[in-house]
Structure formats: C-alpha cells, structure tokens
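Subject: Structure handover

Hi,

Here is the structure I promised to pass on. Have a look at it first, and then read my notes below.

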Amino acid sequence: MSAVAETPDGPVEVIQVLFALCPNFGAQELCGPLEILSKAYHKINDPTTKAFECTFAAASQGVTSSSGLTIKADIDIATAHEDIGEYDCLIIPGGNGVDEVLKNNSEPLELIKAFAKLQVTDPSKERTLMSIGTGSLLLAQTGILQGMAATTHPDYYTKMEIICKDAARRGDLEQTDVMEENYVVNNARFELGEKMEENPFVLSKRPDGRRKSIARKGSNAWKESVKRRESNARRASLRLGGLRLITSGGITSGLDASLYLVAAMVSHESAQEVARVMQYTWNKGVTVEGIDV
C-alpha cells in the first residue's frame with residue numbers, strides 16, 4: 001500500500017493515514033484534519049510531493065455524520081485489521097457517535113488496540129495514533145492512555161477522567177493525566193537544534209511546573225528513524241513501543257494537532273504553509289515526553 005511520489009530529486013514516500021469512522025461521527029472532526037493533511041507537501045507548492053494519503057475505514061460502505069454528511073468508506077473494518085501494518089497514522093475523529101461505541105464496546109475500539117499493539121511488537125516503524133475531540137474517550141476506553149497524558153473536548157473532561165480511572169482499575173492501576181490543553185503529544189520525536197529558544201515546539205513555561213517539553217521539527221528524523229538501530233532500541237524503551245500519541249480538544253484543536261502532525265512528519269515549514277493557505281492561526285499544544293531519535 002505504501003505509495004511513492006516521483007520528484008526531480010528522487011522518490012518521496014507518502015505517509016499512509018487511516019481514518020476510522022463510526023456512525024454519527026463529527027463531520028468537522030474529520031474534514032478539518034483531512035483538509036490540512038491533503039494540503040501538506042514535502043516540497044512547498046509542489047503537488048507532486050504530497051505528504052499524506054488518506055484512507056477511510058468504517059463498518060459499512062457508507063457512514064453518515066451527525067450533521068448528515070455521508071462518506072463512502074474505502075475499506076471495511078475487517079480489511080483495516082488485515083492491513084493495519086501498512087499505515088503510519090491512525091486518526092480517530094470524535095462526535096456524537098462515540099457514546100454508542102462506548103455503550104456497545106464496538107469498533108473502532110479493537111482497531112485502536114491492534115494499532116497500539118503493533119507498535120509494541122514492531123517498534124522498527126514510527127507510527128502515530130491521533131484522536132480528534134471526543135475520539136480520545138475511545139482511546140481511554142481501550143486502556144492505552146494509562147501512564148500517559150491526554151486531553152479531550154472541554155465538555156468531556158470529567159467523563160474522560162472517569163473512563164481513565166475505570167481503565168486503570170481494569171489494568172495495572174496506572175493513572176492518566178487528563179490535561180486541559182489544546183492538544184497533548186506523548187512520545188514526541190525532536191531535534192533540539194543549536195538554539196533551543198528557536199525550536200518551535202519548546203515551551204519555556206508549563207502551568208503544572210513540569211520541565212520543558214520538546215518535539216521534533218522536520219521530516220529527516222522520520223525518514224531516518226526506520227533505518228537506525230539505535231533509534232529503534234530507544235523507541236522500544238518508551239511506553240507503547242514509542243507510539244506517538246496525540247489527543248486534541250475541540251474542532252479547532254483538531255486543526256492545530258493536525259498541523260503539529262505535519263510539522264513532525266514533514267516539516268515545520270510545510271505546516272506553516274498549510275496554515276497560511278488556509279488563513280488559519282496555528283495555536284500550539286504541549287508535548288510531555290520525548291527522546292531525540
């Protein structure tokens with residue numbers, strides 16, 4: 001499934017993204033991130049160097065949002081399970097349908113578990129799991145947020161904490177730090193650069209008094225990380241095998257988190273260009289853990 005775009009400078013691998021949709025998903029939780037990823041290029045203003053290729057997975061061929069938007073799924077959930085190893089990113093949009101998924105313990109819960117487990121068993125590949133809005137409640141339900149930090153839509157902070165506590169009781173009792181942030185990144189990749197103050201992801205001050213958090217800038221680390229044994233070993237030492245875990249708040253927070261994903265996997269310049277084209281001001285979130293790979 002891995003696609004390769006041909007450029008004058010040689011082939012550029014396209015990052016494979018899987019959106020897992022449930023009935024009554026939030027249309028803007030899907031369309032916002034999709035628009036950002038579709039506008040991201042490895043080389044600014046060169047459509048032949050597109051950075052991401054997106055695939056939609058759902059339980060049925062057509063899945064309808066809470067606002068009436070119907071999306072034709074590219075693959076069903078069973079196929080998504082079969083092909084899960086082909087994807088670099090799994091994105092879980094939130095929306096009204098999340099409550100039904102939690103009630104019925106239905107997909108995409110097992111798909112989320114499978115993607116996270118894959119990173120643990122095979123840390124040689126850099127993978128990202130990202131939720132938009134209340135999609136983070138599904139991540140919490142699976143238990144993969146234990147020992148991590150996360151956020152969700154502000155109206156659901158309490159529900160998120162309850163789900164995380166229940167997951168901790170079912171698991172090994174590790175708690176989740178539910179943060180009131182725009183978006184939260186765990187297991188970030190980063191390059192410090194010569195001047196830390198110029199790193200676009202370094203926060204000089206944290207409201208909870210924690211140390212500065214740092215995230216990768218640029219795509220070179222992503223390209224090289226699959227080749228370096230040292231990076232693989234260090235990634236494997238992280239929680240979830242080094243799975244980059246991003247949770248975001250409301251709809252615009254999902255835009256911000258998606259721009260972070262572009263910056264982390266393509267380049268900071270590409271993210272800035274996408275924001276410029278969309279006439280959108282990128283509001284940064286926080287990164288809480290990371291290693292220099």
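Before the helices, one bit of vocabulary: a crossing is left-handed if the near helix is turned anticlockwise from the far one by less than a right angle, and right-handed if clockwise. Also keep in mind that this is a predicted model.

With that in hand, start at α5 and α6, whose crossing is left-handed. The axes of α5 and helix α6 (residues 157-170) come within 8 Å and cross at roughly 15°. Angles under 35 degrees count as roughly parallel, so α5 is roughly parallel to α6. On the α5 side the contact involves S136, L137, A140 and Q141, and these meet K159, M160, I163, C164, A167 and R170 of α6. Sorted by class, the residues of this α5 and α6 contact are 6 nonpolar, 2 polar and 2 charged.

α5 also packs against α4, this time at an angle of about 70° with the axes 9 Å apart. The two helices, α4 and α5, are therefore roughly perpendicular to each other. Here the crossing is right-handed. L109, I112 and K113 come from α4, while α5 brings L138, L139, Q141 and T142. That contact of α4 with α5 counts 4 nonpolar, 2 polar and 1 charged residues.

The third helix pair is α1 (residues 27-38) with α9 (residues 251-265): their axes come within 9 Å and cross at roughly 30°. That makes α1 roughly parallel to α9. α1 passes α9 in a right-handed crossing. From α1, the residues in contact are Q28, E29, G32, P33, I36 and L37, and from α9 they are I251, G254, L255, S258, L259, L261 and V262. By class, the contact of α1 with α9 has 8 nonpolar, 4 polar and 1 charged.

Now the sheet. How many strands form it, and in what order? There are 8 strands in an open sheet with mixed pairing, and the order is β7-β4-β3-β8-β9-β14-β12-β15. The edges are β7 (75-76) and β15 (286-287), each of which pairs on one side only. At the β7 edge, 2 bridges join β7 to strand β4 (residues 52-58), and these two strands run parallel. If you want a spot to zoom in on, A57 stands opposite I75 in β7.

Two of the helices above turn up again here. Helix α5 (residues 135-142) packs on the sheet and touches β8 (89-93), β9 (128-132) and β14 (244-248), its direction making about 125° with that of β9. α9 lies across β3 (15-20), β4, β8, β9, β12 (183-186), β14 and β15, and runs at about 155° to β14.

On to charges. Side chains of opposite charge can pair when their charged atoms come close. The structure holds 9 salt bridges. One of them is between R244 and E126, with the closest N and O atoms 2.5 Å apart. This pair links distant parts of the chain, 118 residues apart: R244 sits in strand β14, and E126 in the loop between α4 (109-121) and β9.

Finally, two backbone details. Most residues other than glycine have a negative phi, and most peptide bonds are trans. Against that, the peptide bond from E107 to P108 is cis, with omega near 20°. P108 lies in the loop between α3 (98-104) and α4. N45, in the loop between α1 and β4, has a positive phi, near 65°.

Cheers

Definitions and conventions. Residues numbered from 1 in each chain as written. Predicted model: local features only at pLDDT ≥ 70, side-chain atom pairs only at ≥ 80, totals over all residues. Heavy atoms only, no water. Axes fitted to C-alpha atoms, helices over the stretch in contact; angles between N-to-C directions. Helix = DSSP H or I, 4+ residues; strand = E, 2+ residues; numbered from the N terminus. Parallel < 35°, antiparallel > 145°, perpendicular 65-115°, else oblique. Contact = heavy atoms within 4.5 Å. Nonpolar A, V, L, I, M, F, W, Y, C, P; charged D, E, K, R; others polar. Pairing = 2+ DSSP bridges. Salt bridge = Lys/Arg side-chain N within 4 Å of Asp/Glu carboxyl O.
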